[in-house]
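Please look over the sequence and the structure shown here before reading on. The report that follows describes how the strands are arranged and paired.

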Amino acid sequence: SRPRARDLCEVGLAVECRQRGALLLREVADTLRARVRATDLLVRVAADEFGLLVPRGSVDEALVLAHDLHKAVATSAIGLTCSVGVAAFGDPDDGA
C-alpha cells in the first residue's frame, strides 16, 4: 500500500563548508534547488544549514529526497560533505 502523506515533512541539511565563502553556499543552494519539487520550500536557516519544507509528502518520500540531496552535494563539482535529517509533522491517520 502507498504510504500516507503527512501534513508536512522537513528535511534538514548541514553542509561542511565553513570558511569557504558565500559563493560556495550559492552553489550548494543551486544544487539543492535543482532537485526539489516546485511545491517544496528551500530556505537557508543558518550559516551552513538549509531546511526544506515538503508539504503533503510521506516520510518515505522525504527520506528518499534527503538521500538524493546528500548524494547531489557530495558528488557535485563542489564535493562537500553534509549531514541530513528528516522530521514529519501531522497525523497521517487524521483523515485530512
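Which residue stands opposite Ala 14 in E4? Ala 14 stands opposite Ser 83. This is a predicted model, in which local features need pLDDT of at least 70 and side-chain atom pairs count only at pLDDT 80 or more, while totals for chains, interfaces and linings use all residues. Residues are numbered from 1 along each chain as its sequence is written, and side-chain values use heavy atoms, with hydrogens and water left out.

The four strands (DSSP runs of E, at least two residues, numbered from the N terminus) form an open sheet in the order E2-E3-E1-E4, with antiparallel pairing; two strands pair if DSSP finds at least two bridges between them. Strand E2 (41–46) and strand E4 (82–89) each have a single partner strand and stand at the edges, so one side of each is left without a neighbour in the sheet. On average, and with direction ignored, neighbouring strands are turned by 20° against each other, where axes are lines fitted to C-alpha atoms and angles run from 0 to 180 degrees.

Strand E1 (residues 8–15) pairs with strand E3 (residues 49–55) in the antiparallel sense, and E1 also runs antiparallel to E4.

| Strands | Bridges |
|---|---|
| E1 and E3 | seven bridges |
| E1 and E4 | eight bridges |

Between E1 and E3, the bridge partner of Val 11 is Leu 52, and Leu 13 stands opposite Phe 50.
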